[in-house]
Every structure is written in structure tokens, then in C-alpha cells.
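Subject: Structure handover

Hello,

Here is the structure I promised to pass on. Please open it and keep it beside you while you read.

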Amino acid sequence: MPKMFRNKIKIKTERRTQLVDITAQVENVVRESGCDDGVCYVYVSHTTAGVIVNEGYDPDVARDIEVTLDRLVPREGDYCHDEGNSDAHIKTALTSSSAVIFIEGGKLLLGRWQKIFFCEFDGPRHREIWLKVCPDAAG
Amino acid sequence: MPKMFRNKIKIKTERRTQLVDITAQVENVVRESGCDDGVCYVYVSHTTAGVIVNEGYDPDVARDIEVTLDRLVPREGDYCHDEGNSDAHIKTALTSSSAVIFIEGGKLLLGRWQKIFFCEFDGPRHREIWLKVCPDAAG
Amino acid sequence: MPKMFRNKIKIKTERRTQLVDITAQVENVVRESGCDDGVCYVYVSHTTAGVIVNEGYDPDVARDIEVTLDRLVPREGDYCHDEGNSDAHIKTALTSSSAVIFIEGGKLLLGRWQKIFFCEFDGPRHREIWLKVCPDAAG
């Protein structure tokens, strides 16, 4: 019977607000897991960064998401938290700390234009993403 | 031992921004799966549409969500992506590409007022929603 | 073979918009489940409340998230739904109705600063949170 597999991805972000396409690294972990069919959970263990699935073909889409989140939740504002990164916590709440993607035939089952993006909101920093690959019950 | 079941729903949206209640179609797939107890994953493979769980009793709630998302992220704005649908990608990031719902006694375990909504942000279009039903381990 | 475990948490919120740290209650359910390694799903069955994972060390972070959501989606606005809580439904759509957290060694695998927050948007109310603990396949 297939087994669960867990691993980490480590990345280095370059800007304060930055969407980073991590699809290839997630694919590598799925390959490493040996899982043919199952579910892949992507989990961000930070509180000033999130994860989304979105368009990865035109990099302008990621840029537009970054700019718009910065417009909706500016770095400066009516904040009490005194570390100067309340906006980053709020953007994390508006995106998500986790994503789930199906696995089929040993590959991530993504839509044609979909990529997995780590969402840095308080970079540049060294970051970790936790992955868990759960094979389907064998039946 | 129970087995995983996967299927697709196909819908046709009618407006550019439109929440579509897909609960009945998801229920049908759960019934078809034969799963008594488990988890149902709803996954949107598009990058200009999402999925949420929200109130389905009064259709004005869906309308208020649509109007407010259009106010927060207008169609026209400081966008680089030249396809004219950056707002739709951003709304997808603010909602979600997936939802998870428990299954109990062969039915979706939803709260009293909860329905599952496909969130169209760049319609009208033909759309697909991927579903995966994972039965609980038999123990 | 390990079995699925399901339970509920009941809480009482005190303010209209309020993030409530429910990590200890979720930990209790994980302990009660006897699960060593697996996945914990947190599901909010209400349509005017959500769940997020965010910083729990400085309570000002939760306060800043509350205030910013109230700024982005004010209680009064161009709403059709006549119960006066459209903003609460919209804030639920912007956060999430569910969260997934890994379990390892019988404990929630959270990042150093992460806590699980129930997000009340139409309180004060009595609320329920549904939990499901799914052990990993034994292999």
C-alpha cells in the first residue's frame, strides 16, 4: 500500500511583496514521493507569507496581484502591531496558508495556465514550504 | 475498502462576475461515488475563477459578494497584464482555487445555510470543476 | 490501522468582528483522536465566520486584521441582503471556511508563530467548529 511522504522546499525571496512560482519544486517532491495518484498539500508555516494557485504564463499577472494587494493593504496604515509588517499578516489572511492539488499519474493535476505561487509579503527572506503527499486509498 | 472517486462538473456561466451555486452537482458526484464517510475536494482548474462556501438561501448575498469584489478590484486599473482580466486573476487569489467539505452518511456535511459557489470572474464562459471524493480509512 | 476521528468545538464570541485563537481546543481534539501522523481539517459551518492561520504571539496582529477587514468591507454599504450582515458574508469569502494543518508525533505541525483563528464577523454569537482528523495511510 502506498505511503504518505513529507518534505520541505526552501526558497530565498528577493523583494518585499513577491509571488514566486514554486511549481517545479513541488513537482520534484511529488516525483520523489513515488505517488501515482493522491493529493498534495502545500503548507506555508510563516505568518507573513501565503500560497495561491494562479496564472503562471504571463509574469505580469503575478505583478498585478502584488501591486493590487499592496494597494488594498498598504504597508503604512492604522496598525497597532509595532513590527511594521501588519500588512504582511493581513495579506496572508486574504490569500491562504495552504493549497491542495490533485496528483494523477505521478504528476500535479493543474489547469492549463495554473502554477503554484509562494506569496512573500515581508521579504526578502529565507522561507520554507512544507509539502505532504497523500496517496489515494488503494481500494 | 472504499476507493477514491474523481469526476468533473461542467457549467456555463452567464455574466462576467457571477457566483453559481454548484451544490446539487457536487452532491450528485458524492452520491455517484458511493462514499459514505470521507472528504470531498472541489478544485477549480481555471485562473480567473474560484470556489467558496457561503450563504445560498438569499441570492442577494451572492450578489453583494460579486458587487463588493468588483468594487475592491475594479476591471480597469493599474494593471500590466494586457488581456484585460487582471482583476479576475486577483479575485481568484482573494477567494480560493479549492474547497474541502466533509462527507457523512453519503452526504455533504454543510452548515444549515451553506452552499458551494463557483466564482466566475471573467465570464461568460464554459467552465470545469474537478472533484475528488476520498473515503475515510476503514480502521 | 488508524481511524478517522471527528469532533466539534463550541465557542462563544464577544464582539462583532473578532479573531479567536482556537489552537488549544484543536490540539485537544487531535490528542483525543489518538492520531500520531495525519491531517487535521478545521471547518466552519457558518456563513458569517471563517478560519485562518496567522500570528498568535502579539494580539495586536489579530486586532490589525480585524480593523483592516472592517475598513475594506464596511458594515454599511451598497448591499441588497436585508439582514445587515452582508459585510460578514463577504469577509468570510475573503478569508476561508476551512483550514488544513499537518499532524506529526500527535501534535499540530504549526510554524513557530502560527495559531489557528476562528474569525467571527457577525458576533457576538455561539459558534461551532467542525474538526476531522485523518491519519496517514499506514503503508
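Below are the ground rules, followed by what was found.

This is a predicted model, in which local features need pLDDT of at least 70, side-chain atom pairs count only at pLDDT 80 or more, and totals for chains, interfaces and linings use all residues. Residues are numbered from 1 along each chain as its sequence is written, chains are lettered from A and ligands numbered from 1 in the order in which they are written, and side-chain values use heavy atoms, with hydrogens and water left out.

**Helices that cross between chains**

Start with helix 3 (residues 86-94) of chain A and helix 2 (residues 59-72) of chain C. Their axes are 9 Å apart, and they pack at an angle of about 65°. That makes the two roughly perpendicular (65 to 115 degrees; under 35 is roughly parallel, over 145 roughly antiparallel, the rest oblique). Helices here are DSSP runs of H or I with at least four residues, strands are runs of E with at least two, and both are numbered from the N terminus. Axes are lines fitted to C-alpha atoms, for helices over the stretch in contact, and angles run from 0 to 180 degrees between N-to-C directions.

Which residues of helix 3 of chain A meet helix 2 of chain C? They are A:Ser86, A:His89, A:Ile90, A:Ala93 and A:Leu94. On the chain C side are C:Val61, C:Asp64, C:Ile65, C:Thr68, C:Leu69 and C:Leu72. Contact means heavy atoms within 4.5 Å. By class, the residues of this contact are seven nonpolar, three polar and one charged.

Now take helix 2 (residues 59-72) of chain A and helix 3 (residues 86-94) of chain B. Their axes come within 9 Å and cross at roughly 65°. These helices are therefore roughly perpendicular too. Chain A supplies A:Val61, A:Asp64, A:Ile65, A:Thr68, A:Leu69 and A:Leu72. Chain B supplies B:Ser86, B:His89, B:Ile90, B:Ala93 and B:Leu94.

**A buried helix**

Look next at helix 3 (residues 86-94) of chain C. Nine of its nine residues are buried, so this helix is largely enclosed by the rest of the structure. Buried means under 20% relative accessible area, exposed over 50%, and partly exposed in between (1.4 Å probe, protein chains only). Among the partners of its buried residues are helix 3 of chain A, helix 2 of chain B and strand 4 of chain C.

**Cores**

The largest nonpolar core has 97 residues. A core is a set of buried Ala, Val, Leu, Ile, Met, Phe, Trp, Tyr and Cys residues joined through side-chain atoms within 4.5 Å. Those with the most contacts inside the largest core are Tyr41 and Val42 of chains A, B and C. A:Tyr41 touches residues including A:Trp130, B:Tyr41, C:Tyr41 and C:Phe102. Apart from the largest core lies another, of 48 residues, among them A:Ile90 and C:Leu69.

**A cysteine in a loop**

A:Cys35 sits in the loop between helix 1 (23-33) and strand 3 (38-44) of chain A. Is A:Cys35 buried or exposed? A:Cys35 is buried, with a relative accessible area of 7%. Leaving out residues up to four places away in sequence, A:Cys35 touches A:Val30, A:Ile103, A:Gly106, A:Val133 and A:Pro135.

**Cis peptide bonds**

Most peptide bonds are trans. The bond from B:Gly123 to B:Pro124 is cis, with omega near 0°. C:Gly123 and C:Pro124 are also joined by a cis bond, with omega about -5°. C:Pro124 lies in the loop between strand 7 (114-120) and strand 8 (126-135) of chain C.

Best wishes

How values were computed: Ala, Val, Leu, Ile, Met, Phe, Trp, Tyr, Cys and Pro count as nonpolar, Asp, Glu, Lys and Arg as charged, and the others, Gly among them, as polar.
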